[in-house]
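Please open the model in your viewer, with the sequence panel beside it, and keep a selection tool at hand. The tour moves from one selection to the next and says at each stop what is there.

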Amino acid sequence: MKIQLVAVGTKMPAWVESGVQEYVRRFPKDCSLEILEIPAGKRGKNADIKRILEKEGELTLAAIPKGNRIVTLEVEGKPWSTPTLAKNLEKWQLDGRNVSLLIGGPEGLAPSCIAASEQKWSLSALTLPHPMVRVIVAEALYRAWSINNNHPYHRE
């Protein structure tokens with residue numbers, strides 16, 4: 001299975017790149033993680049946010065291979081514990097489809113992305129910095145994989 005982390009925004013700080021790549025590197029070939037960045041629309045003083053979100057949504061959905069399970073990361077989603085994420089990861093693997101996890105930009109995800117999602121996951125009731133979300137999700141996925149595979153990374 002391939003897990004695709006599709007995130008709005010480019011030019012992340014070095015610590016974000018480094019953190020995400022550390023977990024991307026750790027995943028085995030049969031359950032790989034990749035990150036795909038979608039350019040954020042230009043936001044200025046008089047920016048048309050609705051239009052920017054629509055364009056980001058179009059680009060995001062176009063980047064997802066047909067047939068992938070779409071999971072959106074949203075404040076309004078369901079909070080998952082680490083064991084719940086591990087169970088979801090196991091279900092995704094048994095489903096036989098690849099998974100695309102969507103992270104929005106400054107205003108969140110486009111309505112079209114939310115409508116296309118099969119699951120909505122909330123990391124926190126807090127609004128988290130989007131670059132940090134990438135690192136948290138990559139680590140959480142690796143921890144879930146380690147639980148499912150009895151890898152020593154996760155110790156209870």
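The stops below begin with the strands, go on to the surface and the loops, and end with charged pairs and cysteines. Please bear in mind throughout that this is a predicted model.

**The first two strands**

Begin by selecting residues 2-8, which form strand S1, together with residues 32-38, which form strand S2; the two strands pair in the parallel sense over 7 bridges. To find your bearings within this pairing, pick Leu5 and look across to Ile35, its bridge partner in S2. Now add residues 14-26, which are helix H1, and the selection of S1, H1 and S2 shows a right-handed β-α-β unit.

**The enclosed strand**

Keep S1 in view and select residues 99-103, strand S4, which is joined to S1 by 5 bridges, the two strands running parallel. Within this pair, Val6 stands opposite Leu102 of S4. Next select residues 69-79, strand S3, which also pairs with S4 in the parallel sense, here over 4 bridges, and find Ile70, which stands opposite Ser100 in S4. Following the chain onward from S3, you pass through helix H3 (residues 82-95) before reaching S4, and this β-α-β crossover is right-handed.

Before leaving S4, show its side chains: which of them point one way, and which the other? Val99, Leu101 and Ile103 point to one side of the strand, whereas Ser100 and Leu102 point to the other, and all are buried. Because 5 of the 5 residues of S4 are buried, the strand is largely enclosed by the rest of the structure.

**A nonpolar patch on the surface**

Switch to a surface display and select Trp15, Met132 and Ile136, which together make a nonpolar surface patch of about 280 Å². Trp15 belongs to helix H1, and its relative accessible area of 49% makes it partly exposed, since a residue counts as exposed over 50%.

Then select Pro131, which is found in helix H5 (residues 130-148) and is partly exposed, with a relative accessible area of 23%. Draw a distance from its C-alpha to that of Met12: the two residues are 119 residues apart in sequence, and their C-alpha atoms are 6.7 Å apart in space.

**Two residues with positive phi**

Move to the loop between S1 and H1, where Lys11 lies, and inspect its backbone, which has a positive phi of about 55 degrees although the residue is not a glycine. Lys11 counts as exposed, at 80% relative accessibility. For the other stop of this kind, go to the segment after H5 and select Asn150, which is not a glycine either and has a positive phi of about 50 degrees. Asn150 is exposed, with a relative accessible area of 71%.

**Salt bridges**

Side chains of opposite charge can pair when their charged atoms come close. How many salt bridges does the structure hold? There are 10 salt bridges in the structure, and a few of them are worth selecting in turn.

Start with Arg25 and Glu22, whose closest N and O atoms are 2.5 Å apart; both residues lie in helix H1, 3 residues apart, which is about one turn of the helix. Arg25 counts as exposed at 58% relative accessibility, whereas Glu22, at 28%, counts as partly exposed.

Then select Arg43 and Glu107, which form a salt bridge with their closest N and O atoms 2.7 Å apart. This pair links distant parts of the chain, with Arg43 in the loop between S2 and helix H2 (49-62) and Glu107 in the loop between S4 and helix H4 (111-116), 64 residues apart. Arg43 is partly exposed, with a relative accessible area of 26%, and Glu107 counts as partly exposed at 36% relative accessibility.

Finally, select Arg69, Asp95, Arg97 and Glu118, which are linked in a network of salt bridges. Within this group, Asp95 forms a salt bridge with Arg97, the closest N and O atoms being 2.7 Å apart.

**Cysteines**

For the last stop, select Cys31, which is buried with a relative accessible area of 0%, and Cys113, which is buried with a relative accessible area of 1%. With sulfur atoms within 2.5 Å as the criterion, the count for the structure comes to 0 disulfides.

Definitions and conventions
Residues numbered from 1 in each chain as written. Predicted model: local features only at pLDDT ≥ 70, side-chain atom pairs only at ≥ 80, totals over all residues. Heavy atoms only, no water. Pairing = 2+ DSSP bridges. Right-handed = clockwise from strand over helix to strand, strands pointing away. Patch = residues over 30% accessible without salt bridge, like charges linked within 9 Å, V, L, I, M, F, W, Y side chains within 5 Å. Areas by Shrake-Rupley, 256 points an atom, 1.4 Å probe, with all protein chains shown as cover. Salt bridge = Lys/Arg side-chain N within 4 Å of Asp/Glu carboxyl O. Buried < 20%, exposed > 50% of the residue type's maximum accessible area, 1.4 Å probe, protein only.
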